[in-house]
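Subject: Handing over the structure

Hi,

Here is the structure I said I would pass on. Have a look at it first, and then read my notes underneath.

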Amino acid sequence: MNKNYYAILMAGGVGSRFWPVSTQDFPKQFHDMLGTGDTLIQKTFQRLAKLIPQENIFILTNERYNDLVFEQLPNVTERQVVLEPAMRNTAPCILYASLKIQKENPDAVMIVAPSDHWIEDETTFSNNVQQAFDFCAENDALMTLGIQPTFPNTGYGYIEFDKTAASDIKSVNQFREKPDYETAKEFIAQGNFLWNAGIFMWSVKSVITAFQNNQPALFELFKKGIPVYNTDEENDFIQENYAKAENISVDYAIMEMSKNVFVIAAEFDWNDLGTWGSLYDKLGKDSNGNAIVNSRTLTEEATGNMIRTKKDKIVVVDGLQDYIIVDKEDVLLIYPKSKEQDIKKVLNKVKDTFGEQYG
């Protein structure tokens with residue numbers, strides 16, 4: 001494997017729309033959401049390790065998940081786990097990790113990948129990433145993998161690319177915010193829009209230069225730590241300075257402001273597993289269209305439901321259509337799939353009513 005290949009595996013999110021399974025203390029990336037035997041972070045690590053040396057895969061997560069990372073990825077070392085002492089969105093942590101990697105290997109090219117997405121065709125994924133790595137190694141480029149839209153989804157941002165480009169690697173015209181339904185239909189009709197999956201590739205030199213040019217204050221904050229990165233003094237510097245960073249996403253910080261941005265239309269099957277409905281879409285169904293994880297079920301006139309419980313729990317459902325039914329310890333959620341985007345609001349109400357321990 002190429003020793004210059006690195007990965008940053010983003011594992012700090014909470015995934016509150018997967019409540020009650022996903023909680024602040026035990027978020028969705030550490031769960032086996034599909035009942036495959038592997039958690040999402042384990043599947044992602046294994047996928048990246050097919051192209052990238054395992055010792056070059058860095059896990060970027062919040063301090064509170066440190067123990068979970070080592071439990072689920074027992075072969076990683078402390079060097080590979082980059083901890084955020086405060087939640088500051090994706091730009092600060094990516095800059096911090098990139099500076100650490102550059103100090104270790106100035107020739108590094110890297111991928112930034114979420115830890116909680118589902119990708120079935122892992123060979124094609126590796127091929128697309130290899131194509132991006134080859135380009136980034138030879139060019140000053142910020143690259144992303146875009147997903148070919150299958151319907152006018154209003155839950156994703158979109159990437160508008162140059163439709164005149166003959167190559168698979170296309171210049172990005174602009175990033176577009178999550179649209180309303182009519183705008184999303186227009187995007188798809190135009191034929192040069194992709195879903196933004198939040199998967200990025202670049203050389204460490206290119207990404208750090210982009211931060212230096214577009215986010216000088218953020219760059220200067222983390223630049224001060226270069227002498228102590230990858231040493232015993234690093235943690236003291238981060239504890240003192242990390243919370244001073246602006247709360248900003250990498251999209252806003254550099255991708256939307258840079259001119260050297262390129263996209264490859266991904267050829268693999270992808271699902272961001274952002275909601276119970278997206279999980280329902282990925283799972284096999286029984287003869288009535290119910291998606292079932294772990295449960296033993298008896299259903300009557302029950303169709304289109306997402307049912308998840310602890311292993312082998314017996315669930316009897318009669319007369320429910322298109323519901324989310326999730327049983328986890330002392331919480332039972334029975335909620336319409338059509339309102340799944342409101343689960344975040346419900347979670348806040350539950351915490352206000354019954355206490356923070358339920359979220």
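Below is what turned up, starting with the aromatic rings. Keep in mind that this is a predicted model.

**Aromatic rings**

There are 19 aromatic pairs in the structure. One of them is Y96 with Y229: the ring centres are 5.6 Å apart and the planes sit at 50°, so this pair counts as tilted. The two rings come from distant parts of the chain, with Y96 in helix α3 (residues 90-104) and Y229 in the loop between α7 (216-223) and α8 (234-241), a separation of 133 residues. Y96 has a relative accessible area of 5%, which makes it buried. Y229 comes out at 0%, so it is buried too.

Then there is F222 with Y242. Here the centres lie 5.7 Å apart and the planes are at 75°, so the pair is edge-to-face. It also links distant parts of the chain: F222 belongs to helix α7, while Y242 is in the loop between α8 and α9 (250-253), 20 residues apart. Both F222 and Y242 are buried.

If you colour the rings, pick out Y96, F222, Y229, F237 and Y242 together, as ring pairs link them into a cluster.

Y280 is worth a click as well. K285 lies over the face of its ring, at 4.6 Å from the ring centre, and K337 also lies over the face of Y280, at 3.4 Å from the ring centre.

**The second largest pocket**

Y96 comes back here. Which residues lie nearest the centre of the second largest pocket? They are E78, V81, Y96, K100 and E234, out of a lining of 19 residues. The volume of this pocket is about 400 Å³. Four elements give two or more residues each to the lining, namely α2 (66-72), β3 (81-84), α3 and α8. Of these, α8 gives the most, with four residues.

**A four-stranded sheet**

Further along the chain you will find an open sheet of four strands in the order β12-β14-β16-β17, with mixed pairing. β12 (291-293) and β17 (331-336) are the edge strands; each has a single partner, so one side of each has no neighbour in the sheet. On average, neighbouring strands are turned by 5° against each other, direction ignored.

Inside the sheet, β14 (residues 306-308) and β16 (residues 323-328) run parallel and are joined by three bridges. M306, for instance, has I324 in β16 as its bridge partner.

**Backbone oddities**

A few spots to check if you look at the torsions. W19 and P20 are joined by a cis peptide bond, with omega at about 10°. P20 is in the loop between β1 (5-10) and α1 (40-48).

Two asparagines have a positive phi without being glycine. N89 has a phi of about 70° and is placed in the loop between β3 and α3. Its relative accessible area is 37%, so N89 is partly exposed. For N230, phi is about 65°, and this residue is in the loop between α7 and α8. N230 has a relative accessibility of 38%, so it is partly exposed as well. That loop also holds Y229, from the tilted ring pair above.

That's it from me. Shout if anything looks odd on your side.

Cheers

Methods:
Residues are numbered from 1 along each chain as its sequence is written. This is a predicted model: local features need pLDDT of at least 70, side-chain atom pairs count only at pLDDT 80 or more; totals for chains, interfaces and linings use all residues. Side-chain values use heavy atoms; hydrogens and water are left out. Rings of Phe, Tyr and Trp (its six-membered ring) pair if their centres lie within 6.5 Å; planes under 30 degrees apart count as stacked, over 60 as edge-to-face and the rest as tilted. Buried means under 20% relative accessible area, exposed over 50%, partly exposed in between (1.4 Å probe, protein chains only). A charge sits over a ring if NZ of Lys or CZ of Arg is within 6 Å of the ring centre and within 35 degrees of the ring normal. Two strands pair if DSSP finds at least two bridges between them. Axes are lines fitted to C-alpha atoms, for helices over the stretch in contact, and angles run from 0 to 180 degrees between N-to-C directions. On a 1 Å grid over the protein atoms alone, a cavity is a set of points where a 1.4 Å probe fits but cannot get out, and a pocket is an open set with protein on both sides within 12 Å along at least five of seven lines; lining residues have an atom within 4 Å of a point. Grid points are joined across faces, edges and corners, and a volume is the space filled by probe spheres set on the points.
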